[in-house]
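Student: I would like a close look at a single part of this model. Please take one helix and its surroundings, and work outward from there.

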Amino acid sequence: MEERTAEQLAQDYSAMGDSIALITDIIAGDSMADEEAADRQDCVDRNVQHLELMKDKDDWGSESMTATDSAISAGNGYTAS
């Protein structure tokens, strides 16, 4: 695997934050509330997968993964209705 630059790491970490926010907002009903349940579920599932893939990278250094772990757990437990 090609080593990421500091800029790439920062961009990837920022994108993870976007996924965390979206998962949190959908679960709270603050985002996509007017969308079909299947669309909300698909969005949460895709973003959880993104977080899982990114978290598995081994070059994060000292970045905290606490919010990532929480969002993965919440997303995996989410069932849109």
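**Helix α2 and its surroundings**

Tutor: Start with alanine 37, which counts as partly exposed because its relative accessibility is 26%, and the class of partly exposed runs between 20% and 50%. Alanine 37 lies in helix α2. Leave out residues up to four places away in sequence, and alanine 37 touches Ala80 and Ser81. Take alanine 80: 43 residues separate it from alanine 37 along the chain, yet their C-alpha atoms are 5.1 Å apart.

A word on the source of all this. The model is predicted. Every value here is computed from it.

Now move along helix α2 to glutamine 41. Glutamine 41 has a relative accessible area of 17%, so it is buried; the cut-off for buried is under 20%. Beyond four places in sequence, its contacts are Tyr78, Thr79 and Ala80. Ala80 has come up already, as a contact of alanine 37.

Next, the helix as a whole. Helix α2 covers residues 37–55. The protein has 3 helices and 0 strands, in the order α-α-α from the N terminus. Helix α2 packs with α1 and with α3, and each pairing deserves its own look.

Take α1 and α2. Helix α1 spans residues 6–28. The two axes are 9 Å apart, at an angle of about 150°. Their crossing is left-handed. On the α1 side, the contact is made by Asp12, Ala15, Met16, Ser19, Ile20, Leu22, Ile23 and Ile26. On the α2 side, the residues are Arg40, Cys43, Val44, Asn47, Val48, His50, Leu51, Met54 and Lys55.

Leucine 22 shows this packing at the level of one residue. Leucine 22 sits in helix α1. Its relative accessible area is 26%, so it is partly exposed. Neighbours within four places aside, leucine 22 is in contact with Ser31, Cys43 and Asn47. Cys43 and Asn47 belong to the α2 side of the helix contact. The C-alpha atoms of leucine 22 and asparagine 47 are 7.9 Å apart, with their positions 25 residues apart along the chain.

Now take α2 and α3. Helix α3 runs over residues 66–76. Here the axes come within 9 Å and cross at roughly 145°. Helix α2 passes α3 in a left-handed crossing as well. Helix α2 supplies Val44, Val48, Leu51, Glu52 and Lys55 to this contact. Helix α3 supplies Thr68, Asp69, Ala71, Ile72, Gly75 and Asn76. Put the two lists side by side: Val44, Val48, Leu51 and Lys55 of α2 occur in the contact with α1 and also in the contact with α3.

Step back to the loop that leads into helix α2. Glycine 29 is in the loop between α1 and α2. It has a relative accessible area of 40% and is therefore partly exposed. From glycine 29 to arginine 40 is 11 residues in sequence and 9.8 Å in space, C-alpha to C-alpha. Arginine 40 also appears in the contact between α1 and α2.

Methionine 32 is in this loop too, between α1 and α2. Which backbone feature marks methionine 32? It has a positive phi of about 60°, although it is not a glycine. Most residues other than glycine have a negative phi. Methionine 32 is partly exposed, because its relative accessibility is 23%.

Finally, set this in the whole chain. The C-alpha atoms fill a box of roughly 40 × 20 × 20 Å along the principal axes. Of the 81 residues, 30% are buried, and glutamine 41 is one of the buried residues. Among contacts with a separation of 6 or more, 70% are between residues 24 or more positions apart. Leucine 22 with Asn47 is one such contact, at 25 residues apart. Alanine 37 with Ala80 is another, at 43 residues apart.

The surface rounds off the view. The accessible surface comes to about 5,200 Å², and 46% of it belongs to carbon and sulfur atoms. There are 5 positive and 19 negative side chains. The centres of these two sets lie 3 Å apart.

Conventions. Residues numbered from 1 in each chain as written. Predicted model: local features only at pLDDT ≥ 70, side-chain atom pairs only at ≥ 80, totals over all residues. Heavy atoms only, no water. Helix = DSSP H or I, 4+ residues; strand = E, 2+ residues; numbered from the N terminus. Buried < 20%, exposed > 50% of the residue type's maximum accessible area, 1.4 Å probe, protein only. Contact = heavy atoms within 4.5 Å. Areas by Shrake-Rupley, 256 points an atom, 1.4 Å probe, with all protein chains shown as cover. Lys, Arg positive; Asp, Glu negative; His and termini not counted. Charge placed at Lys NZ, Arg CZ, Asp CG, Glu CD. Axes fitted to C-alpha atoms, helices over the stretch in contact; angles between N-to-C directions. Left-handed = near helix turned anticlockwise from the far one by under 90°.
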